[in-house]
Amino acid sequence: MEEDIFSVVRQKIIKAGTDDPREFADYYHILWIPLKETITGYPALYSGIAAIGINERLTGTWLRFAAWHELGHVLAGHVYEQGRLLDNGFFTQEVDSRTIPRHENTANLISADVCVKDDDVLRVSNYNSETIKTYRRI
C-alpha cells in the first residue's frame with residue numbers, strides 16, 4: 001500500500017455521504033453484480049467499468065464485510081492491474097491458512113477499517129477489558 005488507502009477510502013465515504021456498500025458503489029458508478037452459487041464475491045472490470053460481484057444470499061455483517069472487501073480491491077486499484085484477474089483466476093482462502101496474498105490482505109484490512117468501529121476495537125484491546133483479562137488468565 002504505497003498511499004494511505006484508508007484515508008482515501010474514508011474521504012470517498014465522506015464524499016458519498018454513506019458507508020452502505022451498495023449506495024457507495026452506486027455513487028461511484030461501480031457496477032454491482034448479484035451472484036448465485038458458491039462464490040462469495042469478486043472484483044472485475046466490465047467493459048472498462050469497475051464492478052463487484054456479490055453473492056445474493058449474503059446478509060447482514062457478512063454481506064457488508066464481503067462487499068467492502070471487493071470494493072477495497074477496486075479502491076486499491078487491483079482491478080486495473082493488467083492481467084491480474086485473468087492470469088490468477090479466483091482466489092480462495094482457507095480459514096486456517098497462514099499466508100494471505102498481499103492484495104487479499106489489503107482488501108481485508110480496508111473492509112475491517114470500514115466495518116469495525118474503533119470503539120469496538122478499543123473495548124476488546126484495552127488492558128482492563130474482559131477480553132484481555134480472560135487472555136491473561138489463559
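Does Ser-47 count as buried or exposed, and at what relative accessibility? Select Ser-47 in this predicted model. At 68% relative accessibility, Ser-47 counts as exposed, because the cut-off for that class is over 50%. The residue sits in the loop between β2 (41–46) and β3. Check its backbone too: phi of Ser-47 is positive, about 50°, although the residue is not a glycine. Most residues other than glycine have a negative phi.

Next, select His-29. This residue is not a glycine either, and its phi is positive at about 55°. His-29 belongs to the loop between α2 (21–27) and β1 (31–35). With 65% relative accessibility, His-29 counts as exposed.

Now select Leu-31, Tyr-46 and Ile-49 together and show the surface. These residues form a nonpolar patch there, with about 290 Å² of accessible area together. Within the patch, pick Ile-49, which is placed in strand β3 (residues 49–55). Ile-49 has 41% relative accessibility and therefore counts as partly exposed, a class that lies between the 20% and 50% limits.

Move on to the helices: select α1 (residues 5–16) and α5 (residues 102–115). Their axes come within 10 Å and cross at roughly 45°. The two helices are therefore oblique to each other. The crossing in which α1 passes α5 is right-handed.

Finally, select the whole chain and colour by secondary structure. There are 7 helices and 3 strands, and from the N terminus the elements run α-α-β-β-β-α-α-α-α-α. Colouring by accessibility gives another view: of the chain's 138 residues, 33% count as buried.

Note on methods. Residues are numbered from 1 along each chain as its sequence is written. This is a predicted model: local features need pLDDT of at least 70, side-chain atom pairs count only at pLDDT 80 or more; totals for chains, interfaces and linings use all residues. Side-chain values use heavy atoms; hydrogens and water are left out. Patches are made of residues with over 30% relative accessible area and no salt bridge: like charges are joined within 9 Å, nonpolar side chains (Val, Leu, Ile, Met, Phe, Trp, Tyr) within 5 Å. Accessible areas come from the Shrake-Rupley method with a 1.4 Å probe; for residues, only the protein chains shown count as cover. A salt bridge is a side-chain nitrogen of Lys or Arg within 4 Å of a carboxyl oxygen of Asp or Glu. Helices (H or I, at least four residues) and strands (E, at least two) are DSSP runs, numbered from the N terminus. Buried means under 20% relative accessible area, exposed over 50%, partly exposed in between (1.4 Å probe, protein chains only). Axes are lines fitted to C-alpha atoms, for helices over the stretch in contact, and angles run from 0 to 180 degrees between N-to-C directions. Angles under 35 degrees count as roughly parallel, over 145 as roughly antiparallel, 65 to 115 as roughly perpendicular and the rest as oblique. A crossing is left-handed if the near helix is turned anticlockwise from the far one by less than a right angle, and right-handed if clockwise.
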